[in-house]
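This note is addressed to a colleague who is beginning to read protein structures. Please keep the model in view while working through the numbered points.

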Amino acid sequence: MIVIRCPYCHEQRTEEELTYGGEAGIARPDPNTASDGEWTDYLFMRTNTKGLHNEQWCCSAGCGQWFKVTRHTVTHEVVAVVRFDEALG
Amino acid sequence: MSHGYRLPVGGRIDRTRTISFTFNGSVLKGHPGDTLASALIANGVNIIGRSFKYHRPRGFYGAGVEDPNSMLAVRDRYAYEPALRAGQVHLCEGLEARSVTGWPTSGFDLAAGLQLFSGILGAGFYYKTFKWPNWALFEPLIERSTGFGRPRDTVETRVAHHRHVNCDVFIVGGGPAGLATARALIGSGLKVILADDQPQVGGSLLWEQTGIGSRAGDEWARVVAVEIAADTNMTVLNSTIVTAAYEGNHFTLLQSVRDPFGVRAEYIWKVHARQVVLATGMIDRPMVFAGNDRPGIMLSSSVRRLIREFAVAPASTLAIYTNNDSGYLTALAAQQAGINVVAVVDTREETAAVHRVAARGAGIECLFEAQITATSGYRRLTSISVCGTEGARRRIPCSSLAVSGGFTPLIHLASHRGTKPVYDSRLSAFLPGKLPADWSAVGGVAGTADLATTLADGARAARVLGNTVGISIGLPPDESVEGLSCGTVVPLWRPDHGSSAEMWVDFQNDVKVSDVEIAARENYVSVEHLKRYTTLGMGTDQGRTSNVNGLAIMAGSRGVAPEAMGTTTFRPPYVAVRMGTIANRRRGDLYKPRRLLPAHSVHEEHSAVFEDFGWERPDWYRRNGESREAAVAAEMSAVRDHVGVFDSSSLGKIEVTGPDAAEFLSRFYVSNMSTLKAGVIRYSVMAKEDGVIFDDGVVARLSEYVYLASPTSGNAESVAAWFERWRQTEWPSMRVAVSPVTSHWASIAIAGPKARALLAHLDPDFDISNAAFPHMRIREGVIAGVEARVARVSFTGELQYEISVPARYGASLMRALLLHGEIKPRPVGLEAWLRLRLEKGYLHLGSDTNGRTTPLDVGMGDLVAKRIDDFIGKRSLALSFARSDEREQLVGLLALEGALDAGARILAPGQTRPPCRTDGYVTSACFSPSVGAWIGLALIERGFARHGEVVLAYSGGSAIACRVTNPAFYDSGNARLHA
């Protein structure tokens, strides 16, 4: 059971109260200049790390804010939690 | 006696009361404190079931949950369970138990004839045999001859509850290790929970002969339990099994709440602990030898437990087979109970046996460096054959045999957390290894077989965890500890004598040493392959008594040490948990919330037949005893010819407001919503970044800064979440707010030629003439005295208004509309509504679109081409796959004969029946009264270029000819919409 404290409403929430949003830090390419390869990489390719992973979560049962988390994908240890406009280490 | 019997004195049972129960229909008696296993053995029950593959007679192997043999169907007053271990079930009045293997009875099983074929039934036999002429011929028979447990339809009164609790310290196990830790924490102020699977704490202290201080071990346990109970910060959960350990020190527990008639309730606990003490103990390991599976052969510690906890003897003659000192404890306990202990057969040298003097002093013969070479007795053990170093063989008659091949610490919960077990060569056992953070292990599970060390380790563990949180825990006063030690182990993984085809490793799944050898020969040598190829350890006991022997024998075949093999992973749950207990109250109406429309009571008044579409919505209205088809036809014609009233309150409503609302919405929809003028409505679709349609609906602009988006009912929440996610994470500087208001407004649609007249009767305070209020416009004002938003937008193809009022007025509005005496509108359900829109060729999201459908596929190519600026998904529509010739495109179908089925496959040109290529499928279909034929929509390859073509739609064995058309079947000029 992954437990994360939301950096906005500061409540401790279990994964059942949150929504997972995939990898963080994916930059949307400029659609006017992106090649087909760059665009499909943006759509489908992810780092898929075995280890520390930067990702997005939403406090969906609480304050509704999206924020960022660094989580170890094997042990599920949550190493860092920051507001969306802050940087993960 | 050659079977079990009750000892005249001793045990923790209550001999003053008697319990009646039945086994396979026979009435038997036991006492409070008995388990089903102890009571059955006391009654002389010998064969408890048949083995999985070979249907050999099996008796009790262990007294508790570690027994691989006893699987019984059990019914108490409250529930029926198809497969429980006899040692898990506590005897209660009126209990009914049945064997689940063996036909016609476990005593006489015809399938035992399979043993004649055991030569071809070894590991992996189904890859090599039973293939000609066809495996499918043999499979049903093989299936029927295996398996455990028979389901029954029953009404249950057992109650299930869930509990959630956080604590500072969670102690798993209430034996000496757990109790010593808990006792040290009394008065610390820490919130402590201790869980133990038995009705009373004490663990092995309840049946081993021990003394702590001035008390007997079991009395010490009782006193400590009382002291713990006096500390209000400490909780003991009895009859509670910890079923799983999850990350973050979360655990699930299963507590059985019993009364004299059975398990009245089961509680699932979800515990979160800051610190964890694992004190789950260890169990005996079997010895491997030829003929080691006969009824009458049991684990040595189980024999001790039977004698001392339940006052049950396994038989009147007992032999012991051991490679460690604990076998002697059993010999002495049996001797004291008056059982004739015929011999202790010790595989080790005499000097290693620390209790030999005590044993000989009690008159027990001890044989050293001796091994069992064979046993006899098909339905019950009758003798063992022993061989010494000189080779001399001797037959010793006995009807029970206690075996101890070493110890297996119960490390399952640590394994659930992914810790790799570590082999300890001193104990010849796997220990937990590097424990998860904030865990410690004490006692048998950590490899400690000595009581004094266990008690000291428990107190020390408490002190360490106290230090971690800054609380000082004192060490307890020294107490003398008495009890025979379990001594040392010299492993004998595989005996030197006997045929490997007669040596069992996994009793539950009937896996023998010969099967392990087959796996080794065929190169399935890794521990994971060994498990899956032979099925060793795959039974419901998760290999509790078989894993280590199996991997050690494989290691021997490969010439490596057992630790080099590694282990397989234990997974939750530790014991089976009933689905009903997990489901708890979430059944029937409590399974998920039922959402009712604001006008629900009015629909009921009009005899609506409801369906669950996410909200409970009328599918049709039952009037005058009509059938569904007649009602739907009448509702459709009411809309086409008169006026119908439809509750559309579940459609999504999202207010998007702010100076940047226009720009914001333009980035989502295929149509450019920023050019929408105030008071105007536009229909469009929205895609995700891969270009696939995920919503269709209308957007209305109420004013310069206020938009109202209407996603399809199923997307009401997800579109709002989608808008909000992009706003927060991509465009946080945009001045826009997203407010979902779906349940704030009730929306009633009125559709048909008389719709304007009906609207007029509600006294709107704005001009509703056709010129002032054209199609695709929205007005805000007052109708029937309440604030309202009225949108002129049509799903049906007729003149239609959607009237939205605050939800609290929804029922009144619906009633006011339906009770209009002069116009007499008809209520219309969802089935008729969807057929009406199909006549108009409008797509229904999810039916006429699938997980690949893009805006280009539904005919919006021109709209997409016109958009110069970007919207989400637009770039993907320029990829070659989005423009491919093979894409399925949405077209209409007019059946030339017969009835059209949604889901019918469109056969490729020139094909008349499958198997053949198909070009697509029918997405929606119905009989159209307006057209007078069956119509439908379909996704067909290159559909836009094939209008006019005749295709075959194949469904249910027959093919129907259909013409591919433009989807607008009804009023293609849209005259009705603009009336």
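1. In this predicted model, four bridges connect strand β47 of chain B to strand β52 (residues 958-965) of chain B, and the two strands run antiparallel. One residue pair may be located by eye: B:Ala895 has B:Cys962 as its bridge partner in β52(B).

2. Strand β47 (residues 888-895) of chain B also pairs with strand β50 (residues 933-941) of chain B, again in the antiparallel sense, through seven bridges. Here B:Gln889 stands opposite B:Ile940 of β50(B). Is β47(B) mostly covered or mostly exposed? It is mostly covered, with seven of its eight residues buried. As background, the strands of a sheet pair through backbone hydrogen bonds, either parallel or antiparallel.

3. Elsewhere in chain B, six strands make an open sheet in the order β43-β44-β45-β42-β36-β46, and the pairing is mixed. Why is one side of β43 (777-783) and of β46 (826-827) left without a neighbour in the sheet? These two strands of chain B stand at the edges and each has a single partner strand, so one side of each has no neighbour there. For β43(B), seven bridges form an antiparallel pairing with strand β44 (residues 786-792) of chain B. Within that pairing, B:Arg777 faces B:Arg792 of β44(B).

4. Helix α6 (residues 300-310) of chain B deserves a separate look, as ten of its eleven residues are buried. Among the buried residues of α6(B) are B:Val303, B:Leu306, B:Ile307 and B:Phe310, but also the charged residues B:Arg304, B:Arg305 and B:Glu309. The helix is followed by B:Ala311, which has a positive phi, near 55°.

5. Aromatic contacts form the next topic: over all chains, the structure holds 20 aromatic pairs. In one of them, B:Tyr423 and B:Phe430 meet edge-to-face, with 5.1 Å from centre to centre and 65° between the planes. Both B:Tyr423 and B:Phe430 are buried. A second pair joins B:Phe694 and B:Trp722; the ring centres are 5.4 Å apart and the planes lie at 75°, so this pair is edge-to-face. The pair links distant parts of the chain, since B:Phe694 belongs to strand β39 (residues 693-701) of chain B and B:Trp722 to helix α19 (residues 716-729) of chain B, 28 residues apart. Both B:Phe694 and B:Trp722 are buried.

6. Which aromatic cluster includes B:Phe694 and B:Trp722? The two residues form one cluster together with B:Phe664, B:Phe668, B:Phe723, B:Trp726 and B:Trp731. One member, B:Trp731, has B:Arg667 over its face, at 4.7 Å from the ring centre. In another such arrangement, the charged end of B:Arg640 sits over the ring of B:Tyr970, 3.8 Å from the ring centre.

7. Finally, the interface should be examined, where 15 residues of chain B are in contact with 21 residues of chain A. The two chains bury about 1700 Å² between them, and 49% of this area is on carbon and sulfur atoms. Which three residues supply more of the area that chain B buries against chain A than any other three? They are B:Glu247, B:Arg725 and B:Arg875, which supply 37% of it.

8. On confidence, chain B averages a pLDDT of 92, and 97% of its residues score at least 70. For the complex, the predictor gives an ipTM of 0.98 and a pTM of 0.85.

Conventions: Residues are numbered from 1 along each chain as its sequence is written. Chains are lettered from A and ligands numbered from 1 in the order in which they are written. This is a predicted model: local features need pLDDT of at least 70, side-chain atom pairs count only at pLDDT 80 or more; totals for chains, interfaces and linings use all residues. Side-chain values use heavy atoms; hydrogens and water are left out. Rings of Phe, Tyr and Trp (its six-membered ring) pair if their centres lie within 6.5 Å; planes under 30 degrees apart count as stacked, over 60 as edge-to-face and the rest as tilted. Buried means under 20% relative accessible area, exposed over 50%, partly exposed in between (1.4 Å probe, protein chains only). A charge sits over a ring if NZ of Lys or CZ of Arg is within 6 Å of the ring centre and within 35 degrees of the ring normal. Two strands pair if DSSP finds at least two bridges between them. pLDDT is the predictor's confidence in each residue, from 0 to 100. Contact means heavy atoms within 4.5 Å. Buried area is the accessible area (1.4 Å probe) that two parts lose on being put together, summed over both.
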